[in-house]
Amino acid sequence: MQPGAVRAIEYEIVDKEQAARIGLRDRLLAGELEAMPELGMMRCVDHHGKKLTLVGQARHVRNLVASGKASDPIGMTINEQSFPLVVNGWLISH
């Protein structure tokens, strides 16, 4: 995997209630995420093997999964616009 890239291990689409139960309250969600009824979470590892949870629009996560970009072995680059919230470790709602 290239430096600066992440590889998705799994993903989850959560509603606002599920997100709140794992600590993603409105005050942590930036801008447009605060108004979204669903959030997309991708549990990833970076090129050092560090675990990260990326939080963004559910639609964007679904598109990454459907296109195969989320499972690309060389990883994918992320940006703050697509995933405005990056959390160290893996958040799991269930």
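Here a visitor asks how the labels on this predicted model are earned, and a guide answers.

Guide: Some ground rules: this is a predicted model, where local features need pLDDT of at least 70, side-chain atom pairs count only at pLDDT 80 or more, and totals for chains, interfaces and linings use all residues. Residues are numbered from 1 along each chain as its sequence is written, and side-chain values use heavy atoms, with hydrogens and water left out.

Visitor: Okay, what makes R43 count as buried?

Guide: Buried means under 20% relative accessible area, exposed means over 50%, and partly exposed is in between (1.4 Å probe, protein chains only). R43 has 1% relative accessibility, so R43 counts as buried.

Visitor: And where does R43 sit?

Guide: In strand β2, which covers residues 38-46. Strands here are DSSP runs of E with at least two residues, helices are runs of H or I with at least four, and both are numbered from the N terminus.

Visitor: Which residues does R43 touch?

Guide: Contact means heavy atoms within 4.5 Å. Not counting residues up to four places away in sequence, R43 touches R7, A8, I9, E10, Y11, E12, L52, T53, W90, L91 and I92.

Visitor: Why is the pair R43 and E10 called a salt bridge?

Guide: A salt bridge needs a side-chain nitrogen of Lys or Arg within 4 Å of a carboxyl oxygen of Asp or Glu. For R43 and E10 the closest N and O atoms are 2.7 Å apart, so the pair passes. This pair links distant parts of the chain: R43 is in strand β2 and E10 in strand β1 (residues 6-15), 33 residues apart.

Visitor: What makes the link between R43 and E10 a polar contact too?

Guide: A polar contact is a pair of N or O atoms within 3.5 Å; within protein, one must be able to donate a hydrogen and the other to accept it, and residues adjacent in sequence count only if both atoms are side-chain atoms. The side chains of R43 and E10 are joined at 2.7 Å, so that label fits as well.

Visitor: Which other residue forms a salt bridge with R43?

Guide: E12, with the closest N and O atoms 3.1 Å apart. Here R43 in strand β2 pairs with E12 in strand β1, 31 residues apart.

Visitor: Are E10 and E12 buried or partly exposed?

Guide: E10 has a relative accessible area of 38%, so E10 is partly exposed. E12 comes out at 12%, so E12 is buried.

Visitor: How many salt bridges are there in the whole structure?

Guide: A search finds three. One of them joins the side chains of R62 and E38, at 3.3 Å from N to O. That pair links helix α2, home of R62, with strand β2, home of E38, 24 residues apart. R62 has 40% relative accessibility, so R62 counts as partly exposed; E38, at 31%, is partly exposed too. As for networks, salt bridges that share partners join E10, E12 and R43 into one.

Visitor: How do you know that D46 has no salt bridge?

Guide: The nearest side chain of opposite charge, K50, is 5.4 Å away, and the cut-off is 4 Å, so no bridge is counted for D46. For charges, Lys and Arg are positive and Asp and Glu negative, while His and the chain ends are not counted. D46 is buried, and its side chain reaches the backbone nitrogen of H48 at 2.9 Å. Leaving aside neighbours within four places in sequence, D46 is in contact with M1, A5, V6 and L52.

Visitor: Why is I74 called partly exposed?

Guide: Its relative accessibility is 47%, which falls between the two cut-offs, so I74 counts as partly exposed. I74 is in the loop between α2 (58-67) and β4 (85-88). Leaving aside neighbours within four places in sequence, I74 is in contact with M1, Q2 and A5.

Visitor: What about H60?

Guide: H60 is in helix α2. With 25% relative accessibility, H60 counts as partly exposed. Beyond residues up to four places away in sequence, H60 touches S82 and F83.
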